[in-house]
Amino acid sequence: MTKPLALIINSTDSPLMGISKFVEARDCSVHVSRSIEEAERVLVAFPVEQQKFIFADLALCQDNGWRGFAERLSGNSTSLALICYDPHHPQALYGLFGQINQSTSDNNTPHAIKAPMMIGDTPQYHDVLNLANRYGMHDITVLITGETGTGKEVMAQYMHTRGPRADKPFVGCNMTAIPETLVEIERVRYVKGAFTGANRNKKGFIEAAEGGTLFLDEIGDLAPTIQLKLLRFLETRQYYRVGESTPKTSDVRIIAATNKELEEAIQGNGFRKDLYFRLNSARIILPPLRERREDMILLIANFVYQACNQFQKPLKKMTSSAKALFLDYPWPGNIRELKSVIESAVMVSDGDYITISDLPMNLQHYATGRREEIGSKAIRNIEEGERSVIEEALRQTNGNKAKAAEALGISTRTLYRKLEKFALASL
C-alpha cells in the first residue's frame with residue numbers, strides 16, 4: 001500500500017525539525033518545499049488518488065499566491081488535507097492528525113459532516129479526547145456536560161464522525177428553543193391533518209436523524225413530562241407520529257448535553273433520577289477554558305487563522321500585551337467567547353497586529369485594572385519566544401554557536417550573553 005504523502009511547505013526563516021519529525025513518525029513519505037511554487041511542482045509528480053497531507057508554514061500563508069494555491073488544491077483532489085501550522089508550536093498538530101485523515105476520506109456521502117478540529121495539548125484534554133474516541137466507536141448513549149461555550153455540540157459531532165454512523169445524518173436539537181407544547185411534535189413527526197395548521201407531512205428530529213446521531217442539547221431544562229417521554233424513548237426506541245396510533249421504531253444514536261449540574265437538579269426535584277442514571281452511564285465532562293491555559297496559544301493561533309481566512313484579510317499576529325491579556329482573562333464564555341472576540345478583533349484591526357485597543361471594551365477595562373501584572377506577563381512571553389528561537393537555532397546547527405548566531409542575525413557575543421541570560425550555556 002502506498003504511503004501517504006506529507007508535503008511540508010516551510011519558510012526558509014522558520015524551524016523545520018519539529019514538524020519534520022512529527023510527520024516522519026506517522027509513516028508518511030515526507031517531502032519539503034521552500035515555496036508555494038516549488039510545492040505545486042512537487043505535487044504534479046504524485047498520483048491524484050494518493051492521499052496527501054499538505055503542511056503549510058503560517059508565514060507562507062501571507063504570500064499573495066497562497067489563496068489561489070489553496071483553492072486549486074481543494075478543487076483538484078478529494079484525498080487531500082491542507083493543514084496550516086505554526087513552526088514554533090508543532091505540538092498543536094498532535095491531536096489532529098488522526099481526525100484529519102478521517103475527514104478527507106468520507107465526505108462524498110450525502111449526510112457526511114467534516115470531523116471538527118479538536119485542539120488541545122494538555123493531559124486533561126487528551127484524556128477527554130481518548131474517552132470520546134472510545135465512546136464514538138460504540139453505539140451507546142452519551143451525556144456531555146460542561147459550562148456554556150466549552151464545545152459540547154462540537155464534541156458530539158466529533159464522536160459521530162468517529163463511529164459507524166459517520167456517513168449518516170447528524171441532527172442537533174436545542175430543547176430550550178422549542179415551546180413545551182410543541183416539544184413532542186417537533187421531536188417526532190406529524191402527518192397531514194393531525195392538528196390545526198398541519199397541512200403537510202413533516203419529519204421530526206428523530207426521523208430526520210434516522211440511522212445517524214440525534215444530539216439533544218440543554219436536556220437539563222426539559223419539563224418533567226418531556227423527561228418521561230425521553231426516558232421511554234431511550235429505553236424502547238419507539239415513538240408515535242402525531243396523528244397515528246401505531247408506534248414506529250427508530251434507529252438513532254443519542255448524545256445529550258447540558259450545562260446544568262444535574263446532580264443538584266435531582267436534589268431539587270427538577271430532574272428525574274431514573275433519566276439521569278440512564279444518561280450518566282457514559283459521560284464526558286468538558287473542562288472550562290480557564291483550566292486549559294496551556295492550550296490557549298494553540299487555540300488563539302487557530303482562530304486567528306480561521307478569521308483571517310474567512311474575512312479575506314492578511315494573516316495577523318497578536319502583540320505580546322494582547323496575548324498576555326488573553327492568557328490572564330478568565331473567559332467565562334469559554335471557547336465560544338474566545339472565538340467571537342478574535343473574530344471581531346480581526347475585523348476591526350487595521351494593522352498587522354491585533355492589539356488591546358482592537359478588543360471589546362470589557363477586556364480593555366480588565367486590562368486597565370491589571371496593567372502591571374499583564375505587562376510583566378507580556379515581557380515573559382517575549383523572553384520565552386526568544387529562548388525558543390535560540391534553542392531551535394542551536395538544534396539546527398548541532399550546537400555550533402557561531403553558525404547559530406549567523407542564522408539568528410546576531411553577533412556571537414550577543415548570543416553568548418543571551419545563553420547566559422536564559423541559562424542555556426550548556427547547549
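These exercises work through cavities, cysteines and salt bridges in a predicted model.

**Exercise 1. The second largest cavity**

Find which residues line the second largest cavity, and sort them into nonpolar, polar and charged.

*Solution.*
Step 1. Count the cavities. The structure holds two of 30 Å³ or more.
Step 2. Take the volume. The second largest cavity has about 40 Å³.
Step 3. List the lining. Gly 136, His 138, Asp 139, Met 159, His 160, Gly 163, Pro 164, Arg 165, Thr 213 and Arg 253 line this cavity.
Step 4. Sort the lining residues. Two are nonpolar, five polar and three charged. Met and Pro count as nonpolar, Asp and Arg as charged, and Gly as polar.

**Exercise 2. Cysteines**

State how many disulfides the model has, and classify Cys 173 and Cys 308 as buried or exposed.

*Solution.*
Step 1. Apply the cut-off. A disulfide needs two cysteine sulfur atoms within 2.5 Å. The count by this rule is zero.
Step 2. Read the accessibility. Cys 173 has 3% relative accessibility. Cys 308 has a relative accessible area of 2%.
Step 3. Classify. Buried means under 20%, so Cys 173 is buried. Cys 308 is buried as well.

**Exercise 3. A salt bridge at the cavity lining**

Describe the contact between Asp 139 and Arg 165, and place both residues in the chain.

*Solution.*
Step 1. Find the contact. The two side chains form a salt bridge, with N to O at 2.7 Å.
Step 2. Place the partners. Asp 139 sits in the loop between α5 (123–136) and β5 (142–145), and Arg 165 in the loop between α6 (152–162) and β6 (170–174). The partners are 26 residues apart, so this pair links distant parts of the chain.
Step 3. Check exposure. Asp 139 is partly exposed at 48% relative accessibility. Arg 165 is buried at 10%.
Step 4. Return to the cavity. Asp 139 and Arg 165 are both among its lining residues.

**Exercise 4. Further salt bridges**

Give the total number of salt bridges, then characterise Glu 147 with Arg 290 and Asp 295 with Arg 292.

*Solution.*
Step 1. Take the total. The whole structure has seven salt bridges.
Step 2. Examine Glu 147 and Arg 290. Their closest N and O atoms are 2.5 Å apart. Glu 147 lies in the loop between β5 and α6, Arg 290 in the loop between β11 (283–285) and α12 (296–310), 143 residues apart. Glu 147 is partly exposed at 29%, and Arg 290 is partly exposed at 37%.
Step 3. Examine Asp 295 and Arg 292. This salt bridge spans 3.0 Å, N to O. Both residues are buried.
Step 4. Look for shared partners. Salt bridges join Asp 139, Arg 165 and Asp 251 into one network.

Conventions:
Residues are numbered from 1 along each chain as its sequence is written. This is a predicted model: local features need pLDDT of at least 70, side-chain atom pairs count only at pLDDT 80 or more; totals for chains, interfaces and linings use all residues. Side-chain values use heavy atoms; hydrogens and water are left out. On a 1 Å grid over the protein atoms alone, a cavity is a set of points where a 1.4 Å probe fits but cannot get out, and a pocket is an open set with protein on both sides within 12 Å along at least five of seven lines; lining residues have an atom within 4 Å of a point. Grid points are joined across faces, edges and corners, and a volume is the space filled by probe spheres set on the points. Buried means under 20% relative accessible area, exposed over 50%, partly exposed in between (1.4 Å probe, protein chains only). A salt bridge is a side-chain nitrogen of Lys or Arg within 4 Å of a carboxyl oxygen of Asp or Glu. Helices (H or I, at least four residues) and strands (E, at least two) are DSSP runs, numbered from the N terminus.
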